[in-house]
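Hi there,

Here is the structure I promised to pass on. Have a look at it first, and then read my notes underneath.

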Amino acid sequence: MKGLRNYLNKIKPNFEEGGKYGKFASTFEAFESFLYVPNTVTKKGAHIRDAMDLKRTMTVVIIALLPALLFGMFNVGYQHNLAQGVEATVMQNFWFGFLKVLPIIIVSYVVGLGIEFIFAEVRHEEVNEGFLVSGLLIPMIMPVDCPLWIIAVATAFAVIVGKEMFGGTGMNIFNPALLARAFIFFAYPTSISGNEVWVAGLKNGLTTVDGYSGATPLSDAAAALSSNAQSIDWSMGTTPIDWFFGFIPGSIGETSTLAILIGAFILIWTGVGSWRIMLSCVLGGLVMGGIFNLIGANVMMDIPAWYHLIIGGFAFGTVFMATDPVTAAQTNRGKWIYGFLIGVLCVMTRVLNPGYPEGMMLAILFMNAMVPLVDYYVVQGNIKRRLKRAKANA
């Protein structure tokens with residue numbers, strides 16, 4: 001490592017202003033800061049000195065994502081071999097899933113980071129580390145058989161429209177990863193919705209087990225609602241235990257609530273993720289689900305409220321999307337309001353709109369747009385209370 005450090009110090013003058021490769025200064029700085037902690041500090045102004053910089057924050061989030069990612073790779077192989085009626089070991093399932101998921105991750109990072117580097121060079125700014133997390137989140141919220149070129153187009157849309165148009169990392173108002181999913185949902189809906197887009201190989205001419213549809217629990221519920229059925233026929237006889245552990249079809253990183261809870265513990269323990277937002281999301285989902293249970297007008301309303309917490313992207317969105325420090329509420333009271341409304345809107349969308357059974361993506365994006373209003377309301381409320389106390393004391 002010392003030799004690498006010496007080599008970087010040797011070539012660094014070439015990438016500084018006036019150097020031979022000065023126009024690539026941002027690119028060199030990005031690779032250097034990726035390998036080593038930057039030795040630069042703020043020169044002026046009032047700043048809080050803290051060891052938790054953006055790179056460390058992004059690293060913690062990536063570590064928290066690993067349990068869901070690794071299980072997702074295993075589940076891809078498991079669902080594939082289940083569909084084929086093939087007995088496979090844990091490692092065989094994982095290896096199959098790893099080979100299917102890895103290209104999606106590579107495409108996400110190559111396209112996203114490539115665009116980030118280009119914008120940084122044009123603006124003569126440093127490359128931000130924000131896409132290190134977004135580049136992993138995008139593959140994890142996609143079905144494994146989504147075409148790579150669609151992943152690339154959606155990633156480019158998310159980075160350019162979702163981040164760079166607003167000024168880059170820290171300036172965006174919408175979660176970039178969710179924008180990528182929203183882009184695919186509206187531009188290429190057959191690649192991300194339906195009953196047969198969740199299992200690798202189903203659309204590649206491979207023979208499947210009779211009666212196996214590859215449907216997710218949410219798509220089963222939506223189908224029952226659309227057909228005015230009296231009950232929901234859950235695919236393959238799956239149970240809430242299967243949903244909790246993640247042995248069901250679904251987006252790569254969203255199936256295992258247990259793995260997501262491990263990530264939630266890491267985020268809360270390190271102080272990176274807001275427990276207020278996570279808890280309020282859960283409470284909002286339970287309250288709205290409970291209200292619909294009391295109404296009971298259709299099969300979706302009859303689903304036990306806690307089911308919503310372990311199916312679809314509710315858990316993943318709550319832990320990794322709603323808590324995005326850039327697009328979430330900043331005030332403590334605002335976090336409670338923000339998270340609660342996300343849970344409410346998610347369940348409401350699922351129950352009342354059979355054409356869009358997921359709901360979590362729409363709920364988070366809508367509340368991203370409402371965050372300034374929520375924080376403004378909270379801040380103004382605090383100001384009014386302080387003014388009243390000041391008048392009373394006077």
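Below are my notes on a cavity and on two helix packings. Please keep in mind that this is a predicted model.

Let me start with the empty space. The structure has two cavities of 30 Å³ or more, and the largest cavity has a volume of about 90 Å³. Its lining includes Ile-141, Glu-254 and Glu-358, along with Leu-178, Arg-181, Met-361 and Ile-364. Gly-313, Phe-316, Gly-317, Met-321 and Met-360 line the largest cavity too. Sorted by class, that lining is made of seven nonpolar, two polar and three charged residues. Which helices supply at least two residues each to the lining of the largest cavity? They are H7 (176-187), H14 and H16 (360-393).

Two of those helices, H7 and H16, also pack against each other. Their axes lie 10 Å apart, at an angle of about 125°, which means that H7 is oblique to H16. The crossing of this pair is left-handed. On the H7 side, the contact is made by Leu-178, Leu-179, Arg-181, Ala-182 and Phe-185, and H16 brings Met-361, Ile-364 and Leu-365 to it. The contact of H7 with H16 counts seven nonpolar residues, no polar ones and one charged residue. If you colour the model by residue, look for Leu-178, Arg-181, Met-361 and Ile-364: they belong to this contact and also line the largest cavity.

The remaining cavity helix, H14 (residues 314-321), has a packing partner in H11 (residues 275-295). The axes of H11 and H14 come within 9 Å and cross at roughly 150°, so H11 runs roughly antiparallel to H14. H11 passes H14 in a right-handed crossing. From H11, the residues in the contact are Met-278, Cys-281, Val-282 and Gly-285, while H14 offers Phe-314, Thr-318 and Val-319. Here the contact residues divide into five nonpolar and two polar, with no charged ones.

I hope this helps you find your way around the model. Just write back if you would like to go through any of it together.

Best wishes

Notes: Residues numbered from 1 in each chain as written. Predicted model: local features only at pLDDT ≥ 70, side-chain atom pairs only at ≥ 80, totals over all residues. Heavy atoms only, no water. Axes fitted to C-alpha atoms, helices over the stretch in contact; angles between N-to-C directions. Helix = DSSP H or I, 4+ residues; strand = E, 2+ residues; numbered from the N terminus. Parallel < 35°, antiparallel > 145°, perpendicular 65-115°, else oblique. Left-handed = near helix turned anticlockwise from the far one by under 90°. Contact = heavy atoms within 4.5 Å. Nonpolar A, V, L, I, M, F, W, Y, C, P; charged D, E, K, R; others polar. 1 Å grid on protein atoms, 1.4 Å probe; cavity = no way out; pocket = protein on both sides within 12 Å on 5 of 7 lines; lining within 4 Å. Points joined across faces, edges and corners; volume = space filled by probe spheres on them.
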